[in-house]
Amino acid sequence: MTLVTAPKRPDEAAGRQAGKPGGRGRPPDHGAWFLVLPALIPILLLSAGPLLYGIALAFTDAQSGRTRSTQWIGTLNFQDLLHDTLFWESFRIGLLWAVGVTVPQFVLALGLALLLNQNLRFRWAARALAIVPWAMPEVVVGIMWRLVYHADAGILNETLRDLGLGDGRDWLSGLATALPAVVLVGIWAGMPQTTVTLLAGLQHVPRELHEAAALDGAGAWRRFRTVTWPALRPVAAAITALNLIWNLNAFALVYVLTAGGPGGRTRLPMLFAYEEAFRYGQFGYAAAMGCVLVAVVSVLLAVHLVHRLKGDPR
């Protein structure tokens, strides 16, 4: 009697030839780690390392001075933060800043993205001009807007005087106008990034759907509500969450404009932590503030990711 054996699968035969039991799959390629190291090492050294060091520093009484010894004090810094009214006031201002910048920024950027997505004449030039603020460093943006808001020679006050609307005012030094003035700059500086992201999302919406909706008699608003917005919603949610996180961590722009003044009216949490560390030398206490901000941002990011996973199981 002749026994007929089933043919072996190619991967099984290859696995057995390589000496792997069962012949299923290929042996792991450890050499792939060497391809990842050039990107992994800077992340570990410049991101993960300082983060872990900052967390450890938050549990000490580290202060400036070479001869000052550092002692482990546990959660004392965090206990002091609970009763620090100035920190929580800066946190409140930070939330006002983040929401006040993120929401109008998204609305204006969405309108601009819809406009730039139309088949307009010289559309390429308009798109190039729309991203100009994004190409400018935040320090340069801050200096430029300080000149715009200047009490004596600023273009804003000069325009108001020419229109007969008053003699102008010092926008960045007024207790009532400093925060709105800074928020306006934040909206202007962050709009290009949001616009480009939304414009990229709009270009992935099939035009056939708009044409079909138009043939069914749908107007512009109905087409936006039933065709454009459902396709754009994931991109909108992602960029809004990122903008909120970035704005909570804002530092350079507000520091150049007001340095947290006047009277702490624009002192964001990052500015408060900076002052504690480099003006008053309380490194441990400032590190504890940073840990609180990291925790808040992590919670926001976790909520966003959970929401995305529920909306898109893939």
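This is a short talk on the helices, the salt bridges and one buried glutamine in the structure shown above.

Good morning, everyone. Please keep in mind from the start that what we are looking at is a predicted model, and that the numbers I give are computed from it.

Let me begin with the overall make-up of the protein chain, which contains 14 helices and zero strands, and in which, if you read along the sequence, one α element follows another. The chain has 314 residues, of which 33% are buried. Turning to its surface, about 20000 Å² is exposed, and 66% of that area is supplied by carbon and sulfur atoms. If we take the contacts in the chain with a separation of 6 or more, 63% of them are accounted for by residues that lie 24 or more positions apart.

Now I would like you to find helix α11, which covers residues 220-248. How far apart are the end C-alpha atoms of this helix of 29 residues? They are only 35 Å apart, whereas a straight helix would reach 42 Å at 1.5 Å a residue. When we look along α11 for a bend, we find one of about 55° at Trp229, with a proline, Pro230, following within four residues. Several residues of α11 are buried, including Phe224, Val227, Thr228 and Leu232, as well as Asn243, Ile245 and Asn247.

Please hold on to Asn243, as we will meet that residue again when we turn to Gln105, which has its place in helix α4. Is Gln105 buried or exposed? Gln105 counts as buried, because its relative accessibility is 2% and the cut-off for buried is under 20%. The side chain of Gln105 is joined to that of Thr194 by a polar contact of 3.3 Å. Leaving aside residues up to four places away in sequence, Gln105 touches Gly186, Ile187, Gly190, Met191, Thr194 and Asn243, and Asn243 is one of the buried residues of α11 that I mentioned a moment ago.

Let me move on to the charged side chains. In general, side chains of opposite charge can pair when their charged atoms come close. How many salt bridges does the count come to? The count comes to three, and I will take them one by one.

In the salt bridge between Arg92 and Glu89, the closest N and O atoms are 2.6 Å apart. These two residues sit three residues apart in helix α4, which spans residues 85-116, so they are separated by about one helical turn. An α-helix has 3.6 residues a turn, and therefore residues three or four places apart point the same way. Arg92 is partly exposed, at a relative accessible area of 43%, and Glu89 is also partly exposed, at 33%.

A second pair is Arg161 and Glu158, whose closest N and O atoms are 3.3 Å apart. Here too the partners are three residues apart, this time in helix α8 (residues 155-162), and so about one helical turn separates them. Arg161 is partly exposed, with a relative accessible area of 30%, while Glu158 is partly exposed with 33%.

The remaining salt bridge brings together the side chains of Arg267 and Glu275, at 3.4 Å from N to O. Which partner is buried, and which is partly exposed? Arg267 is partly exposed, with a relative accessible area of 21%, whereas Glu275 is buried, with 10%.

That is where I will stop, and I am happy to take questions.

Note on methods: Residues numbered from 1 in each chain as written. Predicted model: local features only at pLDDT ≥ 70, side-chain atom pairs only at ≥ 80, totals over all residues. Heavy atoms only, no water. Expected span 1.5 Å × (residues − 1). Bend = angle between axes of the 7 residues up to and from the residue. Buried < 20%, exposed > 50% of the residue type's maximum accessible area, 1.4 Å probe, protein only. Contact = heavy atoms within 4.5 Å. Areas by Shrake-Rupley, 256 points an atom, 1.4 Å probe, with all protein chains shown as cover. Salt bridge = Lys/Arg side-chain N within 4 Å of Asp/Glu carboxyl O. Polar contact = N/O pair within 3.5 Å; in protein donor to acceptor, adjacent residues only side chain to side chain.
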